[in-house]
Amino acid sequence: MRFHTRKWVKPEDLNPNGTLFGGRLLSWIDEEAALYSIIQLENKRVVTKYMSEINFMSSAAKGDIVEIGIEVVSFGQSSLTLKCEARNKMTRETIVTVDQLIMVNLDKDGAPKPHGKTEIEYVKDRLEKED
């Protein structure tokens with residue numbers, strides 16, 4: 001799994017227990033999944049359709065750094081299925097895993113739109129195609 005994003009846990013990210021609020025982490029994961037999908041599908045109109053069971057295994061405290069990793073599971077006609085892991089860089093423990101995040105590619109009217117993608121593309125590969 002490739003870890004693309006790091007987040008610094010700040011006081012406003014904490015729950016009353018003084019640890020990372022799960023909703024904040026899920027927001028970070030949703031944003032990372034959307035950004036990853038937008039880049040892969042080359043369309044800014046991408047939405048979250050489904051997020052599978054979420055398994056919190058540990059936490060993070062103020063000042064910790066959280067890494068978010070995304071991996072493609074499969075390509076659908078108009079969707080992209082991802083899996084995710086968030087881990088605490090300081091303790092090296094997995095905080096949460098999400099086995100399925102389904103992102104849907106939309107047209108300008110908000111309807112699902114086939115994307116024609118079948119494999120992961122990297123920006124460097126796209127640049128080489130343009131030359």
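This report walks through the strands, the main helix, the salt bridges and the largest pocket of a predicted model.

## Strands S1, S4, S5 and S6

Start with strand S4, residues 65-75. S4 pairs with strand S5, residues 79-88. The two run antiparallel, and 9 bridges join them. They form a hairpin, with 3 residues between the strands. Two pairs help to trace the register. Val66 stands opposite Asn88 in S5. Ile70 stands opposite Cys84 in S5.

S5 also pairs with strand S6, residues 93-105. Here too the strands run antiparallel, joined by 9 bridges. Glu85 marks one point of contact, standing opposite Thr97 in S6. S5 and S6 form a hairpin with 4 residues between them. Arg92 lies in that turn and has a positive phi of about 65 degrees.

Strand S1 covers residues 2-8. S1 pairs with S4 in the antiparallel sense, over 6 bridges. Phe3 stands opposite Gly69 in S4. S4 thus pairs with S1 and with S5. S5 in turn pairs with S6.

How enclosed is S5 by the rest of the structure? Of its 10 residues, 8 are buried, so S5 is largely enclosed.

## Helix H1

Helix H1 spans residues 22-41. It has 20 residues and reaches 28 Å from its first C-alpha to its last. That is close to the 28 Å expected at 1.5 Å a residue. Glu42 follows H1 and has a positive phi, near 55 degrees.

Which residues of H1 are buried? They are Leu25, Trp28, Ile29, Glu32, Ala33, Ala34, Tyr36, Ser37, Gln40 and Leu41. An α-helix has 3.6 residues a turn, so residues three or four places apart point the same way. Keep that spacing in mind when reading the list of buried positions, which includes Leu25, Trp28, Glu32, Tyr36 and Gln40.

## Salt bridges

The structure holds 8 salt bridges. One of them joins the side chains of Arg24 and Asp13, at 2.7 Å from N to O. Arg24 lies in H1, while Asp13 lies in the loop between S1 and H1. The pair therefore ties together parts that are 11 residues apart in sequence. Are these partners buried or partly exposed? Arg24 is partly exposed, with a relative accessible area of 30%. Asp13 is buried, with a relative accessible area of 4%.

A second salt bridge links the side chains of Lys83 and Glu71, at 3.5 Å from N to O. Lys83 belongs to S5 and Glu71 to S4, so this pair ties together parts that are 12 residues apart in sequence. Those strands are also joined by 9 bridges of their antiparallel pairing. Lys83 is partly exposed, at 30% relative accessible area. Glu71 is partly exposed as well, at 28%.

Glu121 and Lys117 give another side-chain salt bridge, at 3.1 Å from N to O. Glu121 counts as buried, at 17% relative accessibility. Lys117 also counts as buried, at 14%. Some salt bridges share partners: Arg6, Glu67, Arg87 and Lys89 are joined in this way into one network.

## The largest pocket

The largest pocket holds about 240 Å³ of space. It is lined by 14 residues. Which of them lie nearest its centre? They are Arg2, His4, Tyr36, Gln40 and Tyr122.

S1, H1 and S4 each supply at least two residues of the lining. H1 gives the most, with 5 residues. Tyr36 and Gln40, two of the residues nearest the pocket centre, are also among the buried residues of H1. By class, the lining has 8 nonpolar, 2 polar and 4 charged residues.

Note on methods: Residues numbered from 1 in each chain as written. Predicted model: local features only at pLDDT ≥ 70, side-chain atom pairs only at ≥ 80, totals over all residues. Heavy atoms only, no water. 1 Å grid on protein atoms, 1.4 Å probe; cavity = no way out; pocket = protein on both sides within 12 Å on 5 of 7 lines; lining within 4 Å. Points joined across faces, edges and corners; volume = space filled by probe spheres on them. Nonpolar A, V, L, I, M, F, W, Y, C, P; charged D, E, K, R; others polar. Salt bridge = Lys/Arg side-chain N within 4 Å of Asp/Glu carboxyl O. Buried < 20%, exposed > 50% of the residue type's maximum accessible area, 1.4 Å probe, protein only. Pairing = 2+ DSSP bridges. Expected span 1.5 Å × (residues − 1).
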